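This report walks through a single protein chain, from one loop residue and the helix beside it to the domains and the backbone details. The sequence and the model are shown first.

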Amino acid sequence: MKKTLITGAAGFLGSHLCDRFIAEGHHVIGMDNLITGDIKNIEHLFHLKRFEFFHHDVTKFVHVPGKMDYILHFASPASPIDYLKIPIETLKVGSLGTLNLLGLARDHGARILVASTSEVYGDPLVHPQSEDYFGNVSPIGPRGVYDEAKRFMESITMAYNRHHGLDTRIVRIFNTYGSRMRLNDGRVVPAFMGQALRGEDLTVFGDGSQSRSFTYIDDQIEGIYRLLMSDYVEPVNIGNPDETTILEFAEEIIKLTGTDQKIVFKPLPQDDPMQRQPDISLAKEILGWEPKVHRSEGLKKVFEYFKSLSHDELWESHREFLT
């Protein structure tokens, strides 16, 4: 039986990865310090003998006994609200956390996949973004704590691959949505749906002309799994090239939810990217992967999920962190 460690296991992507690797017959070790993750995302796995959970911060020394085949490093705040509140922790998990897990992979002879992001492209001057574009990132801007943590993650991962011969993979994840997202995490899909369900006006930053491309969780997990099992070591974009403006997206949400909320406009945050669309030519060629779930279908599924949340979950305020 293959043994797989997944960090950030109680988060949105991490919890779905736990489900996938359990379904693939792996023994899964989930690891999370629960600073942004939620234990309820994985509690349905606790009765399984093939699942273990370690409450641990990967920026500290990581030890996992026994054989290890795969490591997937998904521990990190991923929403602007979170990483702007805990900037040091965000930088540490991308740097020290990645270093610790690369060392663990080397000790065990395991293959490691690290979760990078489309944010390494910053506010891009090239559109759509392909893997050979180096990006347009401000290292000292407020969003730089996330962007540069991920850029460092990619650099040290490739250094371990070249210098130590470590078996590595790098996925650049574009905007992804699905069940288990926190309504209050600040990302646009849960933000709009939460506002619609609470009867609030939908908040659009800037004039809404900035674009995003949204990938349904099932498609994202499939792409990540295929990349891990491939022989390709350099970064690969996994995202949906179906681009839309934020204003158009807000109008889609109002139509989907059957609400009559107004759209209100607020100033665009500093360094917020104006365009985001993946070039997935490499994923198609190397992995035979492309998204299957159309946005209209995926949004219906995630809206049903958000409608099922309790009153307390629907009205939960933004998390506060002790730092």
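## A loop residue and helix 3

Beyond its neighbours up to four places away in sequence, Thr59 touches Lys92, Val93, Leu96, Gly97 and Asn100. The model is a predicted one, and the contacts of Thr59 are a useful place to begin reading it. Thr59 sits in the loop between strand 3 (51-55) and strand 4, and it counts as buried because its relative accessibility is 16%, where the cut-off for that term is under 20%. The side chains of Thr59 and Asp57 are joined by a polar contact of 2.8 Å. Although Thr59 and Thr98 are separated by 39 residues in sequence, their C-alpha atoms are 7.9 Å apart in space.

Helix 3 covers residues 87-108, and its 22 residues reach 31 Å from the first C-alpha to the last, close to the 32 Å expected at 1.5 Å a residue. The helix nevertheless bends by about 35° at Val93, and Val93 is also one of the residues that Thr59 touches. The buried residues of helix 3 are Thr90, Val93, Gly94, Gly97, Thr98, Leu101, Leu102, Gly103, Leu104 and Ala105. The elements that cover these buried residues include strand 1 (3-7), strand 4 (70-73), strand 5 (111-117) and strand 6 (168-173), together with helix 2 (80-85) and helix 4 (144-164). After helix 3 comes Gly109, with a positive phi near 65°.

## Helices 1 and 5

Helix 1 runs over residues 12-23, and its end C-alpha atoms are 17 Å apart, which agrees with the 16 Å that its 12 residues should span at 1.5 Å a residue. Of these 12 residues 10 are buried, so helix 1 is largely enclosed by the rest of the structure. The buried set consists of Phe12, Leu13, Gly14, Ser15, His16, Leu17, Cys18, Arg20, Phe21 and Ile22.

What does Arg20 contact, once its neighbours within four places in sequence are left aside? The partners are Ile221, Glu222 and Tyr225. Arg20 belongs to helix 1 and has a relative accessibility of 19%, so it counts as buried, the cut-off being under 20%.

In helix 5 (188-198), eight of the 11 residues are buried, so this helix too is largely enclosed by the rest of the structure. Its buried residues are Val188, Val189, Pro190, Phe192, Met193, Gly194, Gln195 and Ala196. Among the elements covering them are strand 7, strand 8 (202-205), helix 7 (246-257), helix 9 (295-307) and helix 10 (311-314).

## Domains

The protein is divided into domain 1, made of 3-176 and 216-238, and domain 2, made of 183-212, 242-271 and 293-315. The contact takes 13 residues from domain 1 and 13 residues from domain 2, while the C-alpha centres of the two domains lie 26 Å apart.

An unreviewed UniProt entry places the feature "domain: NAD-dependent epimerase/dehydratase" at residues 5-239. Over residues 5-239 the chain is 36% helix and 19% strand, and the end C-alpha atoms of this stretch are 24 Å apart.

## Backbone details

Most residues other than glycine have a negative phi, and most peptide bonds are trans. Against that background, the table gathers residues with a positive phi, including glycines that follow helices.

| Residue | Phi | Place |
|---|---|---|
| Leu34 | near 65° | loop between strand 2 (27-32) and strand 3 |
| Arg180 | about 80° | loop between strand 7 (176-177) and helix 5 (188-198) |
| Gly25 | about 90° | just after helix 1 |
| Gly109 | near 65° | following helix 3 |
| Gly199 | near 75° | following helix 5 |

Are the two residues other than glycine, Leu34 and Arg180, buried or partly exposed? Leu34 is partly exposed, because its relative accessible area is 27%, whereas Arg180 is buried, because its relative accessible area is 18%.

The peptide bond from His127 to Pro128 is cis, with an omega near -5°, and Pro128 is found in the loop between strand 5 and helix 4.

Note on methods:
Residues are numbered from 1 along each chain as its sequence is written. This is a predicted model: local features need pLDDT of at least 70, side-chain atom pairs count only at pLDDT 80 or more; totals for chains, interfaces and linings use all residues. Side-chain values use heavy atoms; hydrogens and water are left out. Helices (H or I, at least four residues) and strands (E, at least two) are DSSP runs, numbered from the N terminus. The expected span of a helix is 1.5 Å times one less than its number of residues. The bend at a residue is the angle between axes fitted to the seven residues ending there and the seven starting there. Buried means under 20% relative accessible area, exposed over 50%, partly exposed in between (1.4 Å probe, protein chains only). Contact means heavy atoms within 4.5 Å. A polar contact is a pair of N or O atoms within 3.5 Å; within protein, one must be able to donate a hydrogen and the other to accept it, and residues adjacent in sequence count only if both atoms are side-chain atoms. UniProt positions are given in the numbering used here, feature names are shortened, and annotations may be inferred rather than shown by experiment. Domain bounds come from an automatic or database domain assignment.
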